[in-house]
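Trainee: I am new to this structure and would like to learn how to read it. Could you walk me through it, one feature at a time?

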Number of protein chains: 2
Amino acid sequence: MKVTIYDVAKKAGVSIATVSKVINNTGNMRDSTRTKVMKVMEELNYYPSVMASALTGKRTQTLGLLVPDISNPFFSEMARTIEDRAHERGLSVIMCSTDEDEDKEKKYLELLRRKQVDGFIIASSFHDKKLLQDLKSTQIPMVMLTQDAGSLGVTSVSVDDFTGGYDATSHLLSLGHQKIVIIAEERLSSKMRIYGFQEAYETHGYEYHSDMVLRTTASIANGKKCLEQMLNRDELPSAIFACNDLIAIGVIQGARENGIRIPEDLSIVGFDNTILATTTVPSLTTVAQPINEMGRKVVDVIVDNINNEEPTTERILFKPTLMVRNTSARNQYVNKKMV
Amino acid sequence: MKVTIYDVAKKAGVSIATVSKVINNTGNMRDSTRTKVMKVMEELNYYPSVMASALTGKRTQTLGLLVPDISNPFFSEMARTIEDRAHERGLSVIMCSTDEDEDKEKKYLELLRRKQVDGFIIASSFHDKKLLQDLKSTQIPMVMLTQDAGSLGVTSVSVDDFTGGYDATSHLLSLGHQKIVIIAEERLSSKMRIYGFQEAYETHGYEYHSDMVLRTTASIANGKKCLEQMLNRDELPSAIFACNDLIAIGVIQGARENGIRIPEDLSIVGFDNTILATTTVPSLTTVAQPINEMGRKVVDVIVDNINNEEPTTERILFKPTLMVRNTSARNQYVNKKMV
DNA sequence: ATGAAAGCGCTAACAA
DNA sequence: TTGTTAGCGCTTTCAT
């Protein structure tokens, strides 16, 4: 059977209170006692039960991480740094991929609450804002990741999506592209990128039309689909700004299959700078999010929230960096004109 | 404060025992009672504590997943299917990336035991076999994933690595390559792939030398390093079989940077068939592991183990599939001879 | 059909 | 310095 604190106490000839003290390294006692107890714990291969200790009001030492899809490299890279930092801070993490599905959001949130996680890191956008509101009212620490909390009044760690969108678009615009399509997701972060897109258009003195925006969800297949859709409608622009690398890769693949040369016929800029951006050919021009710093920061913030009474409501914005690689080039049409 | 079973009982005007029964859907009681209690639970927003219930001998309903690195697409794709299936079966999963580091292996194993996970899925290879032996002796259900349990006598879910190695090598050999280098990891699965490699050599009537084997750990950077190392020593073969896609991609990148054409000058075969295999150019010839089926199966096996007294010890082997794409081609040298 | 009470493994006063 | 004891929120016999 499982070794309990009683077994240790008995074998060490002390009370369970004493054992508890050595486990938690609290209280005073003779050195010899501490040593003896530790020795017995060792011998018995004793592991204190986190369950039991959590039940007495201590923490469960686990974090809930909600992401849209852990198999999306952006989130798996993020998860990795979160996991590492969490472990450094003494916490484990339970992962949940919501697919941004309303039922799963609810289900996983409830599940994690039942498991009494010490805090939530929410990188998945919620359809039902009320769920988040409810969660907030429970006082369980929570931090939004990759999406500004905005109205919710909750701490968030994200990249400056507006600027990212602006930079990507400016890059394309200054390359002579005038007809650019932005492929966005249905999330707040995409919305901000669209605003950045719009702002860049206006700054450069061009006119922005809302029909430059295409919506989809993050996957290679969907990126390809968008490209084909444009092709069928004979509306292919000279450049595409995809709101994440997965979609961008899909566009690249679709282009290749249809004999469209990149970047000669079509320029593409992605977002995230995942591993995929460097392994594709041509390598992908994309907006980098500082994944490691963000992952580390989000854990530090949630740990602070767990340890302090007062929840913070700061909105932490990281700086995006445009990584110019090989899928973006000067608009041929403009070139010809100039020649 | 947190809503407990007592709050529900009080408000519903029943005892906690009754509430417990409706939670677990056990025992008999008047329909009206059950309904009333459920209504109160709803109103109070009551979530039974998994902690407390686990303490009374029930399960924690969580699985521990040990992988080398969750940001490796192979493992993140695997984690995704595991997570999904686990949730379907009512379990959550705590992820731990060990980096195949001896200290982390030990630390995470202990951590997960303290958290009383119901079972372990171990996809990370352990340096210290004794840890695994100890774990096994605790009777906590465990399943090895992507590595045959072999001597341990524990259930395992893996791909037939020997055949995978054999197929990849045969493919290359029959393409006229005689000098092939295999880049392997320090894991059991790699070892089996090497044996498959060796077997293919022998079957095809060629001579196998142990200096055809290079060792490294899974990363793009390491793959590139291996390529450069061969280059420096002027020992570049006409084909390389990398034991996973990450390494293969690194080799491709290294080759490109050094002006080596793929597949004209160098053929490459990877292993795993991750998302990377399709996004690189040329697309990667690789040995596919049925990730989804494996992930699903491993959860089903562990759940069975949790529910039954008797631990199983079956070794489940999935069939690998060679995906011939564009990084492997006929050896030029042989071609010329034939012409 | 319902409830009282013991106990799961641990923590934290409070006593001794 | 060490031990006693009352919970923590729940399950589960065993009474009623």
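**Reading the contacts, strands and cysteines**

Mentor: Happily, and let us begin with a contact to DNA: a polar side-chain atom of S20(B) lies 2.7 Å from a phosphate oxygen of DNA strand D. Here a polar contact is a pair of N or O atoms within 3.5 Å; within protein, one must be able to donate a hydrogen and the other to accept it, and residues adjacent in sequence count only if both atoms are side-chain atoms. Please keep in mind that this is a predicted model, in which local features need pLDDT of at least 70 and side-chain atom pairs count only at pLDDT 80 or more, while totals for chains, interfaces and linings use all residues. Residues are numbered from 1 along each chain as its sequence is written, chains are lettered from A and ligands numbered from 1 in the order in which they are written, and side-chain values use heavy atoms, with hydrogens and water left out.

Trainee: Which other contacts does DNA strand D have, for instance at Y46(B) and Y6(B)?

Mentor: A polar side-chain atom of Y46(B) is 2.5 Å from a phosphate oxygen of DNA strand D. In Y6(B), a side-chain N or O atom is 3.3 Å from a base nitrogen of that strand. The elements that each give two or more residues to this surface are helix 2 (16–24) of chain A, and helix 1 (5–12), helix 2 (16–24) and helix 4 (50–55) of chain B. Helices (H or I, at least four residues) and strands (E, at least two) are DSSP runs, numbered from the N terminus. Helix 2 of chain B gives the largest share, four residues.

Trainee: How many residues are around DNA strand D, and which come nearest?

Mentor: A residue is near a molecule or strand if one of its heavy atoms lies within 4 Å of it. There are 27 around DNA strand D, and N28(A), T33(A), I5(B), S20(B) and Y46(B) come nearest. Of the DNA strand D atoms within 4 Å of the protein, 68% belong to sugar or phosphate, and the rest to bases.

Trainee: What do I find around DNA strand C?

Mentor: Again 27 residues surround the strand, and the closest are I5(A), S20(A), Y46(A), S15(B) and T33(B). Sugar or phosphate accounts for 71% of the DNA strand C atoms within 4 Å of the protein. Two contacts reach phosphate oxygens: a polar side-chain atom of N24(A) at 3.0 Å, and a backbone N or O atom of R30(B) at 2.9 Å. A polar backbone atom of L55(B) is 3.5 Å from a base oxygen. For DNA strand C, the largest share of the surface, four residues, comes from helix 2 of chain A.

Trainee: Is R80(A) buried or exposed?

Mentor: Buried means under 20% relative accessible area, exposed over 50%, and partly exposed in between (1.4 Å probe, protein chains only). R80(A) has a relative accessible area of 8%, so this residue is buried. R80(A) lies in helix 5 (residues 73–88) of chain A, and a polar contact of 2.3 Å joins its side chain to that of D99(B). By contrast, G13(B) is exposed at 59% relative accessibility; G13(B) is found in the loop between helix 1 and helix 2 of chain B.

Trainee: Why is strand 9 of chain B largely enclosed?

Mentor: Six of the six residues of strand 9 (residues 267–272) of chain B are buried, so the rest of the structure largely encloses this strand.

Trainee: Which strands pair with strand 9 of chain B?

Mentor: Two strands pair if DSSP finds at least two bridges between them. Strand 8 (residues 239–242) of chain B pairs with strand 9 in the parallel sense over three bridges, and I240(B) has I268(B) as its bridge partner. From strand 8 the chain passes through helix 11 (residues 245–257) of chain B to strand 9, a right-handed β-α-β crossover. Right-handed means that, with the strands pointing away from the viewer, the path from the first strand over the helix to the second runs clockwise. Strand 10 (residues 285–288) of chain B also pairs with strand 9 in the parallel sense, over four bridges, and there T285(B) stands opposite V269(B).

Trainee: How many disulfides does the structure hold?

Mentor: A disulfide is a pair of cysteine sulfur atoms within 2.5 Å, and the structure holds zero over all chains. The sulfur of C96(A) is 15 Å from the closest cysteine sulfur, in C96(B), which is too far for a bond.
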